[in-house]
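Good morning, everyone. Please take a look at the chain on the screen. I will keep this short.

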Amino acid sequence: MHSLLLRAAEEGETVNPFIPELYDLVWSAVCFAIILVFFWVKILPTVKKLLDERGEAIEGNIAKADEAQREAEAALEQYTAQLADARAEAGKIRESAREDGKKIVAEAKDSATSEAARITATAQAQIEAERQAAVVSLRTEVGTLAIDLASGVIGESLADDKKASAVVDRFLADLESSESASAGKK
């Protein structure tokens, strides 16, 4: 370059170092055209194909994600509906159990009342039977005592059953009438 400047200075021309020569421009344009054609034919289609594949993959993944999101939302709605149904059914079961519990308690009360009434009736019947047995036993004993007492008072033996039975019946009738009279005064 130094020699160019010297030669241009000798010839009297002014050379601008920033403007290249024509042959440099031609060769640079040819190289640029070859590189441009190479990139246009070889590199650009490959890069475009790679970018298209990448775009399709991304769009496919977005579509899959949207579909998965829709499915998840549908599953959530279904789960929420099932949960609401389960809660409603649990409420019905609880209410049914309460009603059953009330019925069981009422049946137990009725059963206990009827059992108590049966036991009371049995006890009253037993008491009545024991009272009757006691009355019969007392009649026999009182009769024997009355006959012995009457035999001692009269001075004769009351061995005759008809006489003895009449005396005992009359004594008991007198005893019951005196008992009734004393109960009426109270």
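I will go through the fold, the surface, the salt bridges, the aromatic pair and a nonpolar patch.

First, a caution. This is a predicted model.

Now the fold. How many helices and strands does the protein chain have? Three helices and zero strands. Read from the N terminus, the order is α-α-α. The element to keep your eye on is helix H2, which covers residues 22–154.

Next, the surface. The protein chain has 186 residues, and 5% of them count as buried. The exposed area comes to about 16100 Å². Of that, 63% is supplied by carbon and sulfur atoms.

On to the salt bridges. The count is four. I will show you three examples, going up the numbering.

Start with glutamate 67. Its partner in a salt bridge is arginine 70. The closest N and O atoms are 2.9 Å apart. Where do these two residues sit relative to each other? They are three residues apart in helix H2, so about one helical turn separates them. How covered are they? Glutamate 67 has a relative accessible area of 36%, so glutamate 67 is partly exposed. Arginine 70 is at 47%, and arginine 70 also counts as partly exposed.

Second example: glutamate 115 and arginine 118. They form a salt bridge, with 2.4 Å between the closest N and O atoms. Both residues lie in helix H2. Again the spacing is three residues, about one turn of the helix. Glutamate 115 is partly exposed at 34% relative accessible area. Arginine 118 is partly exposed too, at 44%.

Third example: glutamate 128 and arginine 131. Their side chains meet in a salt bridge at 3.1 Å, N to O. Which helix holds them? Helix H2, with the two residues three apart, or about one turn. Glutamate 128 has a relative accessible area of 36%, which makes glutamate 128 partly exposed. For arginine 131 the value is 43%, and arginine 131 is partly exposed as well.

Let me put those side by side. Glutamate 67 and arginine 70 are about one helical turn apart in helix H2. Glutamate 115 and arginine 118 are about one turn apart in helix H2. Glutamate 128 and arginine 131 are about one turn apart in helix H2.

Now the aromatics. How many aromatic pairs does a search of the whole structure find? One. The pair is phenylalanine 38 with phenylalanine 39. The ring centres are 6.1 Å apart, and the planes meet at 75°. Planes over 60 degrees apart count as edge-to-face, and this pair is therefore edge-to-face. What about exposure? Phenylalanine 38 has 48% relative accessibility and counts as partly exposed. Phenylalanine 39, at 43%, is partly exposed too.

Last stop: the nonpolar surface patch. The patch covers about 770 Å². Which residues make it? Leu22, Tyr23, Leu25, Val26, Trp27, Val30 and Ile34. Take valine 26 as one of them. Valine 26 is in helix H2. Its relative accessibility is 44%, so valine 26 counts as partly exposed. Patch residues need over 30% relative accessible area, and valine 26 has 44%.

To recap. The predicted model has three helices and zero strands. There are four salt bridges and one aromatic pair. The nonpolar patch of about 770 Å² includes Val26, and valine 26 sits in helix H2.

That is it from me. Thank you.

Notes. Residues numbered from 1 in each chain as written. Predicted model: local features only at pLDDT ≥ 70, side-chain atom pairs only at ≥ 80, totals over all residues. Heavy atoms only, no water. Helix = DSSP H or I, 4+ residues; strand = E, 2+ residues; numbered from the N terminus. Buried < 20%, exposed > 50% of the residue type's maximum accessible area, 1.4 Å probe, protein only. Areas by Shrake-Rupley, 256 points an atom, 1.4 Å probe, with all protein chains shown as cover. Phe/Tyr/Trp six-rings, centres within 6.5 Å; stacked < 30°, edge-to-face > 60°. Patch = residues over 30% accessible without salt bridge, like charges linked within 9 Å, V, L, I, M, F, W, Y side chains within 5 Å.
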